[in-house]
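Welcome, and please have your viewer ready. We will go from one selection to the next, and at each stop you will find a short account of what is there.

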Amino acid sequence: MDILLFASAYNGMVQRVHRELVTLEHRVCIELSPDPDTMLARAKQVDPDLIICPFLKHRIPDTVWRAWPCLVVHPGIEGDRGPSALDWAITHQQSEWGVTLLQANAEMDGGDVWGTHQFAMRRASKGSIYRRDVIPGAVKLIRQALADFADPRFRARAQDYARPSVKGRPHVLMRQDARRIDWSTDDTDTIVNRIHAADGFPGVRDEIHGQPVYLFGAVADTGIAHEATPGAWLGQRHGAVCRATRDGAVWIKQMKAGGRGPGSDIKLPSMLALRAAFDGAAWLEQLPELDSPAVEDIRIHVEHRVAYVEFDFHNGAMSTSQCTRLTHALDALSRRHDVRVIVLMGGNDFWSNGIHLHCIEASPDPAGESWRNINAINDLVRTILLTERKITIAALRNNAGAGGAIMPLACDFVLARRGVVLNPHYQTMGLYGSEYWTYLLPRRTGAARAKALVDACLPVVADEALDMNLVDHVLPEDWTEYHALLLRHCQTIAQDERFSTYLNIKARVRSMDERRKPLQAYRDEELQRMKAAFDDPGASYHALRHQFVHKIPCAATPPHLRGDVGMRQSHDTQRRREPSPVQA
């Protein structure tokens, strides 16, 4: 079919739906403009069989939904209405929630129901629930809707609040007065829950020394004993700050604060945000460093000679210091005799999205910080590549982008959870790219496919990535089933009697590659292009980074998103790189 997607942004939901439709061989066009005239003109131009709205914050014009069938994803159970569906569900501590596919009509969220999917609510942030529970549910509903659309017998059902199964109700937009925290009286669970319900956007508005700030990324800490007044500052670690509550403590990982210098009004690690707002304040600089597992962002667990390495960085962005700490951790693991296999797990919500653009934007010297950050992540990738006495596995359980989608290719094996979205390109940020991509990507996909990927600037889902040889295995999307199979796979490799043979093959392949062209040569060539962009104040990278960090929407739908530009993948992809050790 010809399908038009209306969306308010090309976010994770829209990317997943877009690529799922392409893999089903539909012709897909996208429109991101909220202007009614533009939406109508685009619909007339495409004349689609169906319009799908995976993530839409504005109304569909009457002239559109009356002329074409329009299906809208609503992140709520049947009957729920309003723009703060997940916010209210988390705030009210619902045990179950869902996602519903509706046909657009004159009433927002009031159209006929094409399908609904329910899931158990986790104690997690709004963004985490959206990514891991709402998006997969929406994809299932859209797949079913495509089948129903072709069935002349199918009829969507009207929303009927008299039906006992309809538990949802209309809700108003949640405002800050409903999110307010009272540090003197609220307990730890209440504070964490309210920040969870506002995570991603808009955050919980708070006040520090008369300065308004917005709080994100709350973690309860039951291991800190204190006699401090509720709300008092207890300490800091890895950029997060810890505050006392009346029955414990809460870590705040991210903040957005006002100010006049770099870092004002953008989301940052809390200590950076507070320094932007309270530069040189004694109370801030005197915060002690606390050793607390609750806020550790690099966690290592060794079981049966397999080391599982989680690096849970906010939104997958990796700052200079985070890259350096992870490099040191992997270097130490490479020397452990009780470890045969190292598994890079990423975080609970993202695997990696490359360098930390927010920290770069907040730096007094963005060009210099860009250079430090890209070199730090390159050091990390090089460490993975040169880990010769272990088998390394990238376990892509969540999305990855830019350098974070290239980094897995440094591992011996790449295993992806079904539905994971990869963005292995840099040009939408005005960069040539690094992380040894000119070596890693062509050896996996072949030179022609590698060039097509970086030039098209389109995402791929895990099944597409498998066809391209970007990943070696795709495991089930179910979170529990994925981890069970991953564990079994990794332990099989660690216990294989041919393990030493695999390592010898791996070393021989690396040696041959090095003779053909040294790793340093790839790095030097890439960084020469990167430094030229960093050091040029007029380079598009600086403007694009500013727009991304400050969430400035694009003026029009980018040309590469307006229609499918030929990135469909055949199922007879040639595997052109050297075989991985176990494949050999």
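Start by selecting phenylalanine 278, which has a relative accessible area of 12%. That value is under 20%, so phenylalanine 278 counts as buried. Bear in mind as you look around that this is a predicted model.

Now add tryptophan 283 to the selection. Is tryptophan 283 buried or partly exposed? Its relative accessibility is 24%, so tryptophan 283 counts as partly exposed. Show both side chains together: phenylalanine 278 and tryptophan 283 form an edge-to-face aromatic pair, with 5.6 Å from centre to centre and 70° between the planes. The structure holds nine aromatic pairs, and we will visit another one next.

Select phenylalanine 311 and tryptophan 351. These two rings also meet edge-to-face, at 5.2 Å centre to centre and with 80° between the planes. Where in the chain do phenylalanine 311 and tryptophan 351 lie? Phenylalanine 311 belongs to strand β14, while tryptophan 351 is in the loop between β15 and α11 (357-362). The pair thus links distant parts of the chain, 40 residues apart. Both phenylalanine 311 and tryptophan 351 are buried.

Stay in this region and colour strand β14, residues 306-311. Five of its six residues are buried, so β14 is largely enclosed by the rest of the structure.

Which strands flank it in your view? Take strand β13 (residues 298-303) on one hand: β13 and β14 run antiparallel and are joined by six bridges. For a residue to click on, try valine 302, whose bridge partner in β14 is alanine 307. The two strands form a hairpin with two residues between them. In that turn, pick out histidine 304, which has a positive phi of about 55°.

Then select strand β15 (residues 341-346), which runs parallel to β14 and is joined to it by five bridges. Alanine 307 turns up again here, with isoleucine 342 as its bridge partner in β15. Add helix α10 (residues 320-334) to the display, and you have a right-handed β-α-β unit made of β14, α10 and β15.

Next, move to another sheet. It is an open sheet of six strands in the order β2-β1-β3-β4-β5-β6, with mixed pairing. Which strands stand at the edges? They are β2 (27-31) and β6 (113-120); each has a single partner strand, so one side of each is left without a neighbour in the sheet. As you rotate the view, note that neighbouring strands of this sheet are turned by 20° against each other on average, direction ignored.

Within this sheet, select strand β3, residues 50-55. Five of the six residues of β3 are buried, which leaves the strand mostly covered. Strand β1 (residues 2-7) pairs with β3 in the parallel sense over four bridges. Two contacts to click through are leucine 5, opposite isoleucine 52 in β3, and isoleucine 3, whose bridge partner in β3 is leucine 50. Strand β4 (residues 70-74) is also parallel to β3, and three bridges join the two. Here cysteine 53 has valine 72 in β4 as its bridge partner.

While the rings are still fresh in mind, select Trp114, Phe149 and Phe154, which form one aromatic cluster.

For the next stop, highlight residues 175-260, where UniProt places the feature "domain: Formyl transferase C-terminal" in an unreviewed entry. Over this stretch the chain is 17% helix and 43% strand, and its end C-alpha atoms are 26 Å apart.

Now select helix α14, residues 437-445. Seven of its nine residues are buried, and the helix is mostly covered. Among the buried residues of α14 are Trp437, Tyr439 and Arg444. Step just past the helix to glycine 446, whose phi is positive, near 90°.

Finish with two places where a charged side chain meets a ring. Select lysine 517 and tyrosine 522: the charged end of the lysine sits over the tyrosine ring, 4.3 Å from its centre. Then choose arginine 545 and tyrosine 541, where the arginine lies over the face of the tyrosine, at 5.0 Å from the ring centre.

Technical notes. Residues are numbered from 1 along each chain as its sequence is written. Side-chain values use heavy atoms; hydrogens and water are left out. Buried means under 20% relative accessible area, exposed over 50%, partly exposed in between (1.4 Å probe, protein chains only). Two strands pair if DSSP finds at least two bridges between them. A crossover is right-handed if, with the strands pointing away from the viewer, the path from the first strand over the helix to the second runs clockwise. Rings of Phe, Tyr and Trp (its six-membered ring) pair if their centres lie within 6.5 Å; planes under 30 degrees apart count as stacked, over 60 as edge-to-face and the rest as tilted. A charge sits over a ring if NZ of Lys or CZ of Arg is within 6 Å of the ring centre and within 35 degrees of the ring normal. UniProt positions are given in the numbering used here, feature names are shortened, and annotations may be inferred rather than shown by experiment. Axes are lines fitted to C-alpha atoms, for helices over the stretch in contact, and angles run from 0 to 180 degrees between N-to-C directions.
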